[in-house]
Amino acid sequence: MLKWYGPIYLWPILVAAGLTILRRSRNFAQAEEFCAGTREQTYGDAMLLTVNGEEREFDRSLTVSQLLGELGIDARKVALERNLEIVPRSAYEGTELSDGDRLEVVHFIGGGSAAEETPEVSAAGDPFSVAGLDFQSRLIVGTGRYKDFEETRLAIEASGAEIVTVAVRRVNVTDPDQPMLVDFVDPKKYTYLPNTAGCFTADDALRTLRLAREAGGWDLVKLEVLGDEKTLYPDMIETLEATKVLVKEGFDVMVYCTDDPLFAKRLEDAGAAAIMPLGAPIGSGLGLQNPINIRLIVEQADVPVLVDAGVGTASDATIAMELGCDGVLMNTAIAHAGDPIAMARAMKLAVESGRLAYRAGRMPKKTYADPSSPLSGLI
């Protein structure tokens, strides 16, 4: 039996050369023996795994738990998928990995306690309710695009938000000591809303949210299935199909959609927990471009309606609330402001004032003037 003790990356070259020589002698049995023996001597008990797209060699068989330990990853903060199948955290110790397994290890990143002051609308008995949960704040904020996690934390606190959107991404296995969002934004203090930012198919969105539920145990999720990279408009056919599947699997789905009242109603009929029409393209800051359609969606809906995307400044948030929306979701408007912390506070007040104005009822619009001071008794 031939043995090979050289560098591991050279064994395929040796195998190819050996096979050529042996095939010329038509000794195929010896060729197979040569190939198997070379691999055995090269690898022994070694195991080759693909972890987050990178091939890694390990000198022994491992369980999932042992693998995460070798990589220096805290198993409590991640979810793991093996060959497209989620491995429950409770099974990490007993799940033996095999040579050639493909693994995805993911965690929550910025993606998308309440403030000390309680909004006046809440004191008046006006909580925001979705999927059987009650919240005091009607502002949902994203956690991406800030300069660092500390700024993210400060902005969320200033906004008074209780729900924060988070994206599901691969763990950096080459540097597992990098800070994670959960180290700055406590999931016990805030409700994490996992989203499918960056997904362009229903299948990718479903896979992402199943991993999210395994990582954090949350059933309340935000679904977005994008149609193209230029506009980031939602693909409503894929979105509707994904909504139906997620509802069947027990998710409470808040759905990012176009401002089409007909499709909004179809999503509600499919079991969506909330409808989230865009005000304008994601990250554009253009404000509400079609307030009439937003109002039509609000009037027909029996579930919460929140404007998602397009808000650029505080007045945009106020307009959305004055239309009767139940809330507003935003990220870039705060994160890309000159002073994100101050803008977060402004958005908090804008949402509160817009809700108060909607509940108070605006005065009728008139074509002509109507003096506010009585005309009788003029000098």
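## A guided tour, starting at Asp186

Begin by selecting Asp186, which counts as partly exposed because its relative accessibility is 37%, a value in between the 20% under which a residue is buried and the 50% over which it is exposed. Keep in mind throughout that what you have open is a predicted model.

With Asp186 still selected, look at the chain on either side, and you will find that Asp186 belongs to the loop between β9, residues 163-170, and β10, residues 191-195. Now add Arg153 to the selection: the two residues are 33 residues apart in sequence, while from C-alpha to C-alpha Asp186 and Arg153 are 9.4 Å apart in space.

Next, zoom out to the whole protein chain, whose secondary structure comes to twelve helices and 15 strands. Of its 379 residues, 47% are buried, and if you switch on a surface display, the chain exposes about 19,100 Å², of which carbon and sulfur atoms supply 51%.

From this wide view, select α6, residues 202-216. How far apart are the end C-alpha atoms of α6? They are 21 Å apart, which agrees with the 21 Å that its 15 residues should span at 1.5 Å a residue, since the expected span takes 1.5 Å times one less than the number of residues. Colour the buried residues of this helix, among them Ala202, Leu206, Leu209 and Ala215, and then step just past the helix to Gly217, which takes a positive phi of about 80°.

Stay with α6 and turn to the second largest pocket, which has a volume of about 290 Å³. Twelve residues line this pocket, and those closest to its centre are Val106, Val168, Arg207, Thr208 and Leu211; Thr208 and Leu211 are also among the buried residues of α6. Which element gives the most to the lining of the second largest pocket? That element is α6, with four residues, although β5, residues 102-110, and β9 each supply at least two as well. Coloured by character, the lining divides into five nonpolar, two polar and five charged residues.

For the last stop, select Cys257 and then Cys325. Cys257 counts as buried because its relative accessibility is 1%, and Cys325 is likewise buried, with a relative accessible area of 0%. A disulfide is a covalent bond between the sulfur atoms of two cysteines. How many disulfides does the count come to when the sulfur atoms of a pair must lie within 2.5 Å? By this rule the count comes to zero.

Conventions. Residues numbered from 1 in each chain as written. Predicted model: local features only at pLDDT ≥ 70, side-chain atom pairs only at ≥ 80, totals over all residues. Heavy atoms only, no water. Buried < 20%, exposed > 50% of the residue type's maximum accessible area, 1.4 Å probe, protein only. Disulfide = S-S within 2.5 Å. 1 Å grid on protein atoms, 1.4 Å probe; cavity = no way out; pocket = protein on both sides within 12 Å on 5 of 7 lines; lining within 4 Å. Points joined across faces, edges and corners; volume = space filled by probe spheres on them. Nonpolar A, V, L, I, M, F, W, Y, C, P; charged D, E, K, R; others polar. Areas by Shrake-Rupley, 256 points an atom, 1.4 Å probe, with all protein chains shown as cover.
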